[in-house]
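User: I am new to this structure and would like a close look at one part of it. Please take the open sheet and the residues that sit in it, and then relate that part to what lies around it.

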Amino acid sequence: MTQEPVVLPATHGSLARGVSAPVPGTVFALALTGGITLRPGEGREVLFGRNRPEVHVCLGEDDPRISRHQGTLAHRGGRWWLSTSGRLPIRCTEGRLLFRGEEPLPLTTGYTPLFVQGSQGREHLLEVFVSGAADERPRARHADVTRPPRVWVLTAPEKLALVVLGRRYLLHEPRPQPLTRRQTAAQLDELQPSAGWTDKRVEHIVNAVRARLSHDGVPYLTREEVGEPVGNALNDHLLRALLASTTLVPMDLALVEAP
């Protein structure tokens, strides 16, 4: 390396604190025990892994499942690239796994969390931030008002149908799947015998909500995005989006519980 990295304190949320107006393309990498920042430059590298004496960022130093040299951030061609030399893959954005021997992945400007699965269910996190324009760098926001998530408005029938459809998700079952239209309609008919619940009505309601969220930019809610065979993927993505946005929450199960 042609430039000595700047050591960052082991404080989460401080990826670029104390570094004023970084050069665009500067990389910040932070793990539990500390991190570094490094300006861009052809051939410059940030090594991370378990072997503290030989890497720039120590990751999972007490976990023998993490490789001594788990991965590398390398600058070439004007951008930073992620590669892994560890036995375990690195989990990147949207669940993408990067394995040893694969082509490096380019990093975009902004924040990228990287995860490596360790022993006994542990997950080790490396936070990476690549600066863009000077006003893009992270800054402390201790006193800012917390931004609420985007919550979609549901009608009463929509909410009831989706709570039944996604009951397994709201119950935190491991690896949940949506109920079928027939199962959903049958349970809704038990709850509201005179409300006219049928398979077709459930399908119409769920499709309408999915189309609304897709129009608002939520990904993977159309057949074109998911691809064939679709299976339960569309409803699975819909329910996960509704839970992540707190449009549906476990307390909504009260709608379907017997008095």
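Analyst: A good place to start is a pair just outside that sheet: Gln-117 has Glu-123 in strand 12 as its bridge partner. The model is a predicted one, and this pair belongs to two antiparallel strands, strand 11 (residues 110-117) and strand 12 (residues 123-130), which are joined by eight bridges. Five residues lie between the strands of this hairpin, and in it Gln-120 takes a positive phi near 55 degrees.

The open sheet itself has five strands, arranged in the order 5-4-6-7-10 with mixed pairing. Its edges are formed by strand 5 (57-58) and strand 10 (105-106), and because each of them has a single partner strand, one side of each is left without a neighbour in the sheet. At one of these edges, strand 10 pairs with strand 7 (residues 79-84) in the antiparallel sense, over two bridges. Within that pairing, Trp-81 has Pro-106 in strand 10 as its bridge partner.

Two threonines allow a closer view of this sheet. The first to consider is Thr-72, which lies in strand 6 (residues 71-76). With a relative accessible area of 8%, Thr-72 falls under the 20% limit and is therefore buried. Leaving aside residues up to four places away in sequence, Thr-72 touches Glu-45, Val-46, Leu-47 and Phe-48, and also Trp-81, Leu-82 and Ser-83. Trp-81 thus appears twice in this account, as a contact of Thr-72 and as the bridge partner of Pro-106. The side chain of Thr-72 also makes a polar contact of 2.8 Å with the side chain of His-69.

The other threonine is Thr-84, found in strand 7, and its relative accessibility of 7% is again under the 20% limit, so Thr-84 counts as buried. A polar atom of the Thr-84 side chain lies 2.8 Å from the backbone oxygen of Gln-70, and a polar atom of that side chain lies 3.3 Å from the backbone nitrogen of Gly-86. With residues up to four places away in sequence again set aside, the residues that Thr-84 touches are Gln-70, Gly-71, Ile-90, Leu-98, Phe-99, Arg-100 and Gly-101. Gln-70 therefore enters the picture both through its backbone oxygen and as a residue within 4.5 Å of Thr-84, since that is what contact means here.

Beyond the strands, the helices offer a setting of another kind. Pro-157 has its place in helix 1 (residues 156-165), and at 33% relative accessibility it counts as partly exposed. Pro-157 touches Trp-197, Arg-201 and Ile-205, not counting residues up to four places away in sequence. Although Pro-157 and Trp-197 are 40 residues apart along the chain, their C-alpha atoms are separated by 9.9 Å.

Helix 4 (residues 199-215) also meets helix 3 (residues 181-191): their axes come within 8 Å and cross at roughly 110 degrees, which makes helix 3 roughly perpendicular to helix 4. On the helix 3 side the residues in contact are Arg-181, Arg-182, Thr-184, Ala-185 and Leu-188, and they meet Asp-199, Val-202 and Glu-203 in helix 4. By class, this contact has three nonpolar, one polar and four charged residues.

To place these parts in the whole, the protein has six helices and twelve strands, and 40% of its 259 residues count as buried. Among contacts between residues at least 6 apart in sequence, 50% join residues at least 24 apart.

Definitions and conventions. Residues are numbered from 1 along each chain as its sequence is written. This is a predicted model: local features need pLDDT of at least 70, side-chain atom pairs count only at pLDDT 80 or more; totals for chains, interfaces and linings use all residues. Side-chain values use heavy atoms; hydrogens and water are left out. Axes are lines fitted to C-alpha atoms, for helices over the stretch in contact, and angles run from 0 to 180 degrees between N-to-C directions. Helices (H or I, at least four residues) and strands (E, at least two) are DSSP runs, numbered from the N terminus. Angles under 35 degrees count as roughly parallel, over 145 as roughly antiparallel, 65 to 115 as roughly perpendicular and the rest as oblique. Ala, Val, Leu, Ile, Met, Phe, Trp, Tyr, Cys and Pro count as nonpolar, Asp, Glu, Lys and Arg as charged, and the others, Gly among them, as polar. Buried means under 20% relative accessible area, exposed over 50%, partly exposed in between (1.4 Å probe, protein chains only). A polar contact is a pair of N or O atoms within 3.5 Å; within protein, one must be able to donate a hydrogen and the other to accept it, and residues adjacent in sequence count only if both atoms are side-chain atoms. Two strands pair if DSSP finds at least two bridges between them.
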